Amino acid sequence: MNGSRSPAPDSFAPATPPYLPQGVDQDADALAARIDAILPQTQCTKCGFDGCRPYAEAIAAGQAPIDRCPPGGSAGIAKLAALLGRAPVPLDPSCGSEGPLRVAHIDPSLCIGCTRCISACPVDAIIGAARRMHTVAEAMCSGCDLCVPACPVDCIVMIPPRAREARWTDEDAQAARQRFERRRSRLEAERSENERRLERYAPRTAPRTASGTASGIASQPGVPQAFMPDPRAQPPAADATHPPERCSQPTGGSAGAPPGAGDPDARRRALIDAAVRRARERLAAVGR
Ligand code: SF4
Ligand code: SF4
Ligand code: SF4
């Protein structure tokens, strides 16, 4: 299950060549569901699509070939070929290579608890909290390796599983699909709730920039709630001796004020940068 992620190329135009053979059920939604049921549900994105279901929909719409799923491998391609009534083809090597299951492992001595891996994991296989050591639930890890590049201190590696077979089964795929769907619903509910709360308090909080507004920050997936600005916070009262238009002090730093003070977004960045710096110093100290 190794390999890089290649974007879905433009050559996936529906017209050339026609991927759907004559006689196949042309109801795209029903067909997409049947194709999705064959795909391994690791949600690794190695096919170039944003998960298994989008890839299934592209195949069903005749916009993608069946050879782009490394976790499914040749067995998966054979099943897709049988469903669609065509000859099996080799795996597209630009999507990655077929191989045994590997699972993520976090080096606990280096983890800084930034939670970025939790945000990246599509199947909720990582356990941890902000500024606490994180760990991977091996039985739930799909081996998608999306958490590896997300870690700012490179403390995640992919290794052979120690407490399970190095094989991704149909039961694993079903369980991963359920966790993926649950996670998606939860994130959607959290995003809606954040938007509702921020709208309720909007008149009391001044917007900054498009991406720097409290609303913009809240809508970014995986932003830890601990770093969110408190929507109940009142804007500071105007100081008669220091009217705002005369104040030239930049946000995020001055004598006596910590970096990012007064700007929750800058403060969050400063906290993560400081943690990354400390982790790098630890890595340098142990010669890694
Ligand atoms: S498991 Fe296959 S279909 Fe699903 S996202 Fe990965 S490559 Fe795409
Ligand atoms: S722990 Fe890492 S490799 Fe395992 S499923 Fe989550 S993101 Fe993928
Ligand atoms: S991304 Fe890396 S440092 Fe951050 S919580 Fe995960 S394992 Fe720890």
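Ala, Val, Leu, Ile, Met, Phe, Trp, Tyr, Cys and Pro count here as nonpolar, Asp, Glu, Lys and Arg as charged, and the others, Gly among them, as polar. The exercises below treat a predicted model.

**Exercise 1. Describe the shell around ligand 1: how many residues surround it, which are closest, and how do they divide by class?**

Solution.
- Step 1. Count the shell. Ligand 1 has 16 residues around it.
- Step 2. Pick out the closest. They are Cys 44, Lys 46, Cys 47, Cys 52 and Cys 69.
- Step 3. Sort the shell by class. Ten residues are nonpolar, five are polar and one is charged.
- Step 4. Apply the class rule to the closest residues. Cys counts as nonpolar and Lys as charged.

**Exercise 2. Do the same for ligand 2 and ligand 3: which residues come nearest, and how do the shells divide?**

Solution.
- Step 1. Take ligand 2. Its shell holds 14 residues, and Ala 104, Cys 121, Cys 141, Cys 144 and Cys 147 come nearest.
- Step 2. Sort that shell. Eleven residues are nonpolar, two are polar and one is charged.
- Step 3. Take ligand 3. There are 15 residues around it, with Cys 111, Cys 114, Arg 116, Cys 117 and Cys 151 nearest.
- Step 4. Sort again. The shell of ligand 3 has ten nonpolar, four polar and one charged.

**Exercise 3. Outline the fold: how many helices and strands are there, and in what pattern?**

Solution.
- Step 1. Count the elements. The protein has eight helices and four strands.
- Step 2. Read along the sequence. The pattern is α-α-α-β-α-β-β-α-β-α-α-α.
- Step 3. Check burial. Of the 288 residues, 25% are buried.
- Step 4. Check contact range. Take contacts between residues at least 6 apart in sequence: 65% of them join residues at least 24 apart.

**Exercise 4. Classify the packing of α1 against α3: what are the angle, the handedness and the contact residues?**

Solution.
- Step 1. Locate the helices. Helix α1 spans residues 28-38 and helix α3 spans residues 73-84.
- Step 2. Read the geometry. The two axes come within 9 Å and cross at roughly 155°.
- Step 3. Classify. Angles over 145 degrees count as roughly antiparallel, so α1 is roughly antiparallel to α3.
- Step 4. Give the hand. The α1 and α3 crossing is right-handed.
- Step 5. List the contact. From α1 come Arg 34, Ile 35 and Ile 38; from α3 come Gly 76, Lys 79, Leu 80 and Leu 83.
- Step 6. Sort it. This contact has four nonpolar, one polar and two charged residues.

**Exercise 5. Repeat the analysis for α1 and α2: what are the angle, the handedness and the contact residues?**

Solution.
- Step 1. Read the geometry. Helix α2 covers residues 52-60; α1 packs on it at about 130°, with the axes 8 Å apart.
- Step 2. Classify. An angle of this size falls outside the parallel, antiparallel and perpendicular ranges, so α1 is oblique to α2.
- Step 3. Give the hand. The crossing of α1 with α2 is right-handed.
- Step 4. List the contact. Ala 28, Leu 31, Ala 32, Ile 35 and Asp 36 of α1 meet Cys 52, Arg 53, Ala 56, Glu 57, Ile 59 and Ala 60 of α2.
- Step 5. Sort it. Eight of these residues are nonpolar, none is polar and three are charged.
- Step 6. Connect the contacts. Ile 35 of α1 meets α3 and also α2. Cys 52 of α2 is among the closest residues to ligand 1.

**Exercise 6. Place Val 276: where does it lie, why does it count as partly exposed, and what does it touch?**

Solution.
- Step 1. Locate it. Val 276 sits in helix α8, residues 264-285.
- Step 2. Count neighbours. Partly exposed means between the limits of 12 or fewer for exposed and 20 or more for buried. Val 276 has 14 C-beta neighbours inside 10 Å, so it counts as partly exposed.
- Step 3. Find its contacts. Leaving out residues up to four places away in sequence, Val 276 touches Ile 112, Pro 152 and Val 153.
- Step 4. Look at one partner. Pro 152 is 124 residues away along the chain, yet the two C-alpha atoms are 6.7 Å apart.

**Exercise 7. Examine three loop residues, Arg 131, Asp 154 and Ala 163: where does each lie?**

Solution.
- Step 1. Arg 131 lies between β2 (126-127) and β3 (135-136). Its phi is near 65°, positive in a residue other than glycine. It has 13 C-beta neighbours inside 10 Å and so is partly exposed.
- Step 2. Asp 154 lies between α5 (147-150) and β4 (156-159). Its phi, near 50°, is also positive. With 14 C-beta neighbours inside 10 Å, Asp 154 is partly exposed.
- Step 3. Ala 163 lies between β4 and α6 (170-201). It is exposed because 7 other C-beta atoms lie within 10 Å. Its C-alpha atom is 7.7 Å from that of Ala 139, 24 residues apart along the chain.

Notes. Residues are numbered from 1 along each chain as its sequence is written. Chains are lettered from A and ligands numbered from 1 in the order in which they are written. This is a predicted model: local features need pLDDT of at least 70, side-chain atom pairs count only at pLDDT 80 or more; totals for chains, interfaces and linings use all residues. A residue is near a molecule or strand if its C-beta atom, placed from the backbone, lies within 6 Å of it. Helices (H or I, at least four residues) and strands (E, at least two) are DSSP runs, numbered from the N terminus. Two residues are in contact if their C-beta atoms, placed from the backbone, lie within 7 Å. Axes are lines fitted to C-alpha atoms, for helices over the stretch in contact, and angles run from 0 to 180 degrees between N-to-C directions. Angles under 35 degrees count as roughly parallel, over 145 as roughly antiparallel, 65 to 115 as roughly perpendicular and the rest as oblique. A crossing is left-handed if the near helix is turned anticlockwise from the far one by less than a right angle, and right-handed if clockwise.
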